Amino acid sequence: EILRCLVGSEMCIRDRSIYALYTANKVYVRETCIIATTVCTLNCKYCLNFTPFIKEPASVPLEKLKEEADIYFKSVDKAGFFQISGGEPLSYKYLGDYIAWLAENYGKQIGQILLATNGTLIPNEKLTKILKKYNVILLLDNYTAAVPRLKPIRDNLIKYLDENKIDYRNYADKQEFFRFFPANEDYSRWSDEAVSYTHLTLPTT
């Protein structure tokens, strides 16, 4: 029953990568994150993606994102969560086009498309339709405790998502964060290559 469920259309097992490999000869990755842009509307000191230290933030060309997805899914049979992040991905000009292409070409290999956002931008009409059509879930970061002026902006976004019936996960008002690098390190001396992630991160299992 477990094997039947695993190789079927429903990805009911999200943490059984080794089981999938040895019983179904399938490569199953629980979660993957792709960076569409390093352009962001915020400049957080302890940004997980080292955004403040990237001298020239830029967006990945759409065709490059497609190429990376093609390479990825040649080796991965199923991706539980496929997350698009940044920077601020809602600032990415071709976000809607990428999501639609990804869903149409690899939707059967993806359990759920996720979109991480800092809550400062509202999707335009075209993107809204695409988010609804492909059941994308937005992950709303919450920085309002540190930056109170963001609260009305974030509240407007939540209202918009509710009105348009777009699924999202709303983090608590007091969100906990981890520091993945020492605060006393002078990252301004690092090269851009050292502080920025590759466009497609290594899969985590």
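Me: Leaving aside neighbours within four places in sequence, which residues is Ile99 in contact with?
Reply: This is a predicted model, by the way. Once the neighbours within four places in sequence are set aside, Ile99 still has company. Its contacts are Ile84, Leu127, Ile130, Leu131, Tyr134 and Val136.

Me: And which element gives the most to the largest nonpolar core?
Reply: That core has 39 residues, and Ile99 is among the members that touch the most others, along with Phe73, Ile84, Tyr98, Leu102 and Leu138. Several elements give two or more residues to the core, including strand S1 (28-35), helix H3 (62-75), strand S2 (78-85) and helix H6 (151-163). The one that gives the most, with eight residues, is H4.

Me: Let's step back to the whole fold. What pattern does the protein follow along the sequence?
Reply: There are seven helices and five strands to place. Read from the start of the sequence, they come in the order α-α-β-α-β-α-β-α-β-α-β-α.

Me: What share of the residues is buried?
Reply: The accessible surface comes to about 12,100 Å², and carbon and sulfur atoms hold 53% of that. The protein has 205 residues, and the buried share of them is 45%.

Me: Of the contacts with a separation of 6 or more, how many link residues 24 or more positions apart?
Reply: Take the contacts in the protein with a separation of 6 or more, then pick out those between residues 24 or more positions apart. Their share is 73%.

Me: Now the strands. How many bridges join S2 to S3?
Reply: S2 and S3 run parallel, and the chain gets from one to the other through H4 in a right-handed β-α-β crossover. One bridge pairs Gln83 with Leu114 in S3. The number of bridges between the two strands is five.

Me: How many of the residues in S3 are buried?
Reply: S3 has eight residues, and the strand is mostly covered. The buried ones number seven.

Me: Through which helix does the chain cross from S3 to S4?
Reply: S3 and S4 run parallel, joined by four bridges. Ala116 has Leu139 as its bridge partner in S4, and Thr117 stands opposite Leu140. The crossover between these strands is a right-handed β-α-β one, and the helix on the way is H5.

Me: In S4, which buried residues sit on the side opposite Ile137 and Leu139?
Reply: In a regular strand, side chains alternate between the two faces of the sheet. S4 is covered on both faces, with Ile137 and Leu139 buried on one side. Buried on the other side are Leu138 and Leu140.

Me: What is the bridge partner of Leu139 in S5?
Reply: S4 runs parallel to strand S5 (residues 168-170), with three bridges between them. Together with H6, these two strands make a right-handed β-α-β unit. The partner of Leu139 in S5 is Arg169.

Me: Back to H5 for a moment. Is Thr128 buried or exposed?
Reply: Thr128 lies in helix H5 (residues 125-133). Leaving aside neighbours within four places in sequence, Thr128 is in contact with Pro123, Tyr160, Asn164 and Ile166. Its relative accessible area is 4%, and the cut-off is under 20%, so Thr128 counts as buried.

Me: How far apart are the C-alpha atoms of Thr128 and Tyr160?
Reply: Thr128 and Tyr160 are in contact, although they sit 32 residues apart along the chain. The separation of their C-alpha atoms is 9.7 Å.

Me: Last topic, the aromatics. Why is the pair of Tyr72 and Phe73 described the way it is?
Reply: The structure holds seven aromatic pairs. For Tyr72 and Phe73, the ring centres are 4.9 Å apart and the planes stand at 90 degrees. Planes over 60 degrees apart meet the cut-off, so this pair is edge-to-face.

Me: And which elements hold Tyr72 and Phe82?
Reply: Their ring centres lie 6.2 Å apart with the planes at 70 degrees, so this pair is edge-to-face too. Tyr72 and Phe82 are both buried. The pair links distant parts of the chain, ten residues apart, and the elements are helix H3 for Tyr72 and strand S2 for Phe82.

Me: Which residues form one aromatic cluster with Tyr72?
Reply: Tyr72 pairs with Phe73 and with Phe82, and both of those residues belong to the cluster. The full set with Tyr72 is Phe73, Phe82, Tyr98, Trp101 and Tyr106.

Notes. Residues numbered from 1 in each chain as written. Predicted model: local features only at pLDDT ≥ 70, side-chain atom pairs only at ≥ 80, totals over all residues. Heavy atoms only, no water. Buried < 20%, exposed > 50% of the residue type's maximum accessible area, 1.4 Å probe, protein only. Contact = heavy atoms within 4.5 Å. Core = buried A, V, L, I, M, F, W, Y, C linked by side-chain atoms within 4.5 Å. Phe/Tyr/Trp six-rings, centres within 6.5 Å; stacked < 30°, edge-to-face > 60°. Areas by Shrake-Rupley, 256 points an atom, 1.4 Å probe, with all protein chains shown as cover. Pairing = 2+ DSSP bridges. Right-handed = clockwise from strand over helix to strand, strands pointing away.
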